[in-house]
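Please open the model in your viewer and keep the selection tool at hand, since this tour goes from one selection to the next and says what is there at each stop.

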Amino acid sequence: MDGATIVAKSLKSQGVDYAFGIVGIPVMEIAQAMMAEGIKYIGMRNEQSASYAAQAIGFLSGRPAVCLVVSGPGLVHALAGLANAKENCWPMIVLGGSSETRLENMGAFQEFPQVEACRLYTKYTVRPPNIEQIPFVVEKAVRTSIYGRPGPCYIDLPQDFIQGTASDVVFPPKCPDPPKSLADPSAILEAVGAIKAAKCPLVIVGKGAAYARAEKEVKELVEAHNLPFLPTPMGKGVIDDSHPQCVSAARSHALRSADVIVLIGGRLNWILHFGLPPRFLREVKIIQIDIAAEEIGNNVHGNATIPLVGHAGYISRQLSHALGTFTHPKGSPWLKVLGEKVAKAKATSNELYADTTVPMSYYRALHEVQTKLDSDKLVLVSEGANTMDIGRTVIGNKFPRTRIDAGSFGTMGVGLGFAIAAKIYDPSKLVVCLEGDSAFGFSGMELESAVRHQLGILFIVINNNGIYAGMDEESYNSTREDGDMTGLLPPTILTPNARYDLLAEALGAKGYFVTQPGAEFANAMEGALKVVSGLDGPVRPALLNVMISPTGQRKEQEFGWLTRSDEQEPTKSKL
């Protein structure tokens, strides 16, 4: 049996169903062998996008997909995906072809220290010692990627291993799903005491709860004990965003006033402002539910945390059972104030949605999108600064694992790879890829990959002619007349009114150019939804190129982005 077939059989026996990549020397045979074994192979246009797609499968399914790359530059391109998967704690396996072992250190074609390069970005990096050991390292890579805190792994495959043969090959059985554990009972009792004593309790639902498929248990905890909650960006949908106990619209007030926080599958990193003042109370008690013990106490030390280490779902139910019949009082001042804040924020948003100014604002454009989407089928992929941040508040999620965005690493360029993976994983879903125009530029050629694989994905580019802010066409043309653009054009500016819709048409998708709210926008959305669902000819992608104001911004925020922790600190809860 040749090495490529051994690799493919090893992956299939471990439950790997999807692979994304770009073929070439020396991995062509592996792609062919994987397809022969029934693994779905999706050819991409860039290794970064392939690696992003593979890790999205890991988040959606809980089992790793493969990113297949050639040696040298191909592997280097995939390092971006390895880093992103590690920071987001998603399983993925990168298979990298490499030079023949007999040519090592001789300057072989695309020779590169691939094993050494990948160690920083992986949980497990290995080159099998021989062909016979390939099944062993594949099983270990799959197991390592999903056990404990999930993450990426790398397997280095020399050309002579891929093309060589072996006769005495043993394939280990499929590694089971990760074991699930409960928290220390004494820590549960401490957490119960803290929740019962809290005047201003809050549950924060992280993407770890979504990955753990803990939605049923988390919802039971929130509802049974009348606890207000808010999700992190990819924790959205673990409980329906429209749930009456969701206080996302009052996020800043909830965070800075809560005296006890139950943090489920989230980390106190930049997304949650490190758990520090002024965004959090100095004396807040944080009950941390996390799969990784080493995460406990990060940025908030000592007695500030109560560690509940284990499976998010199991521990949420364990905590709920221990709380018994306790419920936070329905008429508490805390819930009253939160309700008032939520209502005020929603009223402000409705005013922004009603604005008919042309060019459109972010809020009006995203509201136009939201009104036409079927939230029961929606999977929303989103990236691009304001498009992603504002879109998170405008477009709700009803179900878990239906929002994928730039994540913990804040990576731009992930969108099209994520969207392709989401549609491949569940073709019945309405996959919408919501992009800023700058973000779209990172991986826009993956439109061709979506067309080639007949994927009915709706791409929406919110086009403000720039990065953060753009320039209108008249000002842009005036600047061009003044001389050398390299010395005159602000660094945030992109080409005004770039026709991404025509690019989509050239690649075989259906394109729409949208400049007006109301009927024009609605007609474009309705037409695009018919295209992606196969109601207007064969299924294919569609792209809306939506022009908005080049100077549009988020509404005024109570705190600036990435608020410094040395600002004035609140000392007590303010109802």
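By class, the residues lining the second largest pocket of this predicted model divide into 20 nonpolar, 16 polar and 11 charged. To find this pocket, select C89, P150, G208, Y211 and A212, which lie nearest its centre among the 47 residues of the lining. The elements that give two or more residues to that lining are α3, α9 (207-211) and β10 (285-290), and if you colour them separately you can look for α9 in particular, as α9 gives the most, with 3 residues. The volume of the second largest pocket comes to about 970 Å³.

Next, turn to the aromatic rings, of which the model has 5 pairs. Select Y52 and F418, a pair with 6.4 Å from centre to centre and 80 degrees between the planes. Because an angle over 60 degrees counts as edge-to-face, the pair of Y52 and F418 is described in that way. This pair links distant parts of the chain, for Y52 belongs to helix α3 (residues 47-61) and F418 to helix α16 (residues 415-425), with their positions 366 residues apart in the numbering.

Are these two side chains buried or exposed? Y52 has a relative accessible area of 2% and is therefore buried, and F418, at 0% relative accessibility, counts as buried too. Now add F59 and W90 to the selection, and you will have the cluster that ring pairs form from Y52, F59, W90 and F418.

For the next stop, select R499 together with F513, where the arginine lies over the face of the ring, at 4.0 Å from the ring centre. Then select K510 and Y512, where the charged end of the lysine sits over the tyrosine ring, 5.6 Å from its centre.

Finally, select A249, which you will find in the loop between β8 (229-231) and α11 (251-257). A249 has a relative accessibility of 38% and so counts as partly exposed. Which residues does A249 touch, not counting those up to four places away in sequence? The contacts to display are those with V342 and A345. If you then draw a distance from the C-alpha atom of A249 to that of S349, your viewer should give a separation of 9.6 Å, although the two residues are 100 apart along the chain.

Terms used. Residues numbered from 1 in each chain as written. Predicted model: local features only at pLDDT ≥ 70, side-chain atom pairs only at ≥ 80, totals over all residues. Heavy atoms only, no water. Phe/Tyr/Trp six-rings, centres within 6.5 Å; stacked < 30°, edge-to-face > 60°. Helix = DSSP H or I, 4+ residues; strand = E, 2+ residues; numbered from the N terminus. Buried < 20%, exposed > 50% of the residue type's maximum accessible area, 1.4 Å probe, protein only. Lys NZ or Arg CZ within 6 Å of the ring centre and 35° of its normal. 1 Å grid on protein atoms, 1.4 Å probe; cavity = no way out; pocket = protein on both sides within 12 Å on 5 of 7 lines; lining within 4 Å. Points joined across faces, edges and corners; volume = space filled by probe spheres on them. Nonpolar A, V, L, I, M, F, W, Y, C, P; charged D, E, K, R; others polar. Contact = heavy atoms within 4.5 Å.
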